[in-house]
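I keep these notes as I go through a structure that is new to me. Each entry says what I looked up and what came back.

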Amino acid sequence: MAVAACVTAAVQNGAVTIEIPTDRALRGAAALRSLVEAVVRADAHDEADWIEWKGPLDLATKEGCFHVARAVLGLANREPERAQLVAEGLGFVVVGAEPNSLQGLRTVDPAQLGQVIEQYLGGADGPAWTPTYIPVDETTVLVVTVEAPEQGDPIRILRRQLDKYREGAVFVRKHGRTELAGAADMDALQRRLLASGGRQQATLAVSVGGDVPLSWFDPSTVQKEIEAWADAERDQLVEAAREVEKARRQREAAASASILGGAALSPALFEQISRAAAAFSPIPEQRTLDEYEKQVAEWRKELLEAALKGFLGRYARAGHGLIRLQAENLGSRFLPDVEIVATFGDEVAQSTDEEPEWMDYPARPHPFGEPRQRYAFASPLGAASYVPPVVPALSSVRRRTTRVDNGSGKVRWHVGDLRQQGRDESEEVYVFLGGRPTEQTLHGTWRATVPDMEGVVTGAFAIPVAEAPVNIGALLGAQKRSW
């Protein structure tokens, strides 16, 4: 694995090695940070045809953005089979880091960056790319991920002139440099374009709906916040009980020795009246205040355990992290048996296609000082009025079409047939963020396969993330099911 994990890209000029595992796609903040660190450790001559690095460009200017756009175009114009040798065909532009130098850069708003760069790439008609700011050693580096080129892809051209580079210019990525395409390069790009053999490529759009902006929580604080909430619930009960005890003692101190307005009763008559009243009156409080507080302390332990074990269940039941994939056929051709695989970044703490376990809270101790009823009228169905759930017949159970790969950040959706201009939505899945991404955005990619269509269709998406974490105390307190 150690040998296989090291990228060894065979190029015409010799073997080039950058010390990072690239036997799979490099996605997510952790993988991209490792890529930046590998660039800093690399030799200046290690710049290959799948990666380009640059110093701290001024991304607030057209010139700075153009350098990124030109690199993206060059990486998108690579030969697909050659590109697939490294990182599943992905290409990368690293800005702010070079061999033996980590300079960082001044960041600009991602929306502004995308707006300027897309002028040169062509927007939806251009190559798919994703910018990600990566914090490394108290500075910030930009890593642009360029999606893998495919057979049948159009030739990626410059869409707007800048200085000496005219609109329509074609850039290609070579070992250690991005340059204007020559005749041989254009021949290769023409062969790539025509490689579909007359088969059409599907035109799909994939997006994410549901809990957007996506909720998140900080795993390092969850237990502390739940413990503080359980303590507050305990303290509330104890304080109320102490007030009851205080009032009881005040009543006893002020009680008159007379009974029934001071009228004297014989001991026999008093006992007879007391027995008759006791037969129908509620049972008075039998516990001392100390006994009640011990009971509350035990209840608090059970409450804490239920809240911790059922946290994700309550989080999900409130709609947090609940998303659906959405697919739209943008073309005029019927798409049969579509299947989509979406992959989320490393920020995902957990994902699942099943609702996490719900745990009811334990019943609160009977309020201190509140009498208990001696008699209660029973329900015809019993005290709990329990109604068993209706279990559908096996023949009516719908087979799930959306799955998550065993807790990973990969969602598989068997869309099925998608008519022209048709839309469909996946079943619900849960994506739990264990922290807030650096850019306040969760990046992901998707790949779609369609029988009788050319290759696969790929794309990327960016899900906005909520600015503040979920209020855990409010979440727990809003769902006291069994109290």
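**Entry 1. The whole chain.** I began with burial: 42% of the 483 residues in the protein chain count as buried. I note here that the model is predicted. Next I looked up the secondary structure, and the protein chain has 11 helices and 20 strands. Then I turned to contacts with a separation of 6 or more. Residues 24 or more positions apart make up 79% of them in the protein chain. Last came the surface. The protein chain exposes about 25,900 Å². Carbon and sulfur atoms account for 51% of that area.

**Entry 2. A sheet.** I picked out an open sheet and wrote down its strand order. Five strands form it, in the order β15-β16-β13-β19-β20, and they pair antiparallel. Which strands sit at the edges? They are β15 (402-404) and β20 (456-464), each of which pairs on one side only. From one strand to the next, the twist averages 20°. I reminded myself that strands of a sheet pair through backbone hydrogen bonds.

I then went to one pair of neighbours. Strand β19 covers residues 441-449, and nine bridges join it to β20. The two run antiparallel. For one bridge I looked up both ends: T449 has V456 in β20 as its partner.

**Entry 3. A342.** I stayed with the sheet and chose a residue from β13. A342 lies in this strand, which spans residues 335-344. Is A342 buried or exposed? Its relative accessibility is 0%, so A342 counts as buried, the cut-off being under 20%.

I listed what A342 touches, leaving aside neighbours within four places in sequence. The contacts are L325, G409, K410, V411, T445, W446 and F461. I followed up F461. It is 119 residues away from A342 along the chain, yet the C-alpha atoms of the two are 9.4 Å apart.

**Entry 4. Backbone oddities.** I searched for a cis peptide bond and found one between V212 and P213, with omega about 0°. P213 belongs to the loop between β11 (204-210) and α7 (219-254).

I also looked for positive phi values outside glycine. A87 has one, near 55°. A87 sits in the loop between α4 (80-83) and β4 (91-95). N100 has another, about 65°, and is not a glycine either. Its loop runs between β5 (97-98) and β6 (101-102).

How do these two stand on burial? A87 has a relative accessible area of 1%, under the 20% cut-off, so A87 is buried. N100 has 69%, over the 50% cut-off, so N100 is exposed.

**Entry 5. The largest pocket.** I ended with open space. How much space lies in the largest pocket? About 840 Å³. Its lining is made of 31 residues. A124, G126, A128, R156 and T458 lie nearest the centre.

Then I checked which strands take part. β11 and β20 each supply at least two residues of the lining. Which element gives the most? It is β20, with five residues. I had already met β20 as an edge strand of the five-stranded sheet, and as the antiparallel partner of β19. I had met β11 too, at one end of the loop that holds P213.

Key
Residues numbered from 1 in each chain as written. Predicted model: local features only at pLDDT ≥ 70, side-chain atom pairs only at ≥ 80, totals over all residues. Heavy atoms only, no water. Helix = DSSP H or I, 4+ residues; strand = E, 2+ residues; numbered from the N terminus. Buried < 20%, exposed > 50% of the residue type's maximum accessible area, 1.4 Å probe, protein only. Contact = heavy atoms within 4.5 Å. Areas by Shrake-Rupley, 256 points an atom, 1.4 Å probe, with all protein chains shown as cover. Pairing = 2+ DSSP bridges. Axes fitted to C-alpha atoms, helices over the stretch in contact; angles between N-to-C directions. 1 Å grid on protein atoms, 1.4 Å probe; cavity = no way out; pocket = protein on both sides within 12 Å on 5 of 7 lines; lining within 4 Å. Points joined across faces, edges and corners; volume = space filled by probe spheres on them.
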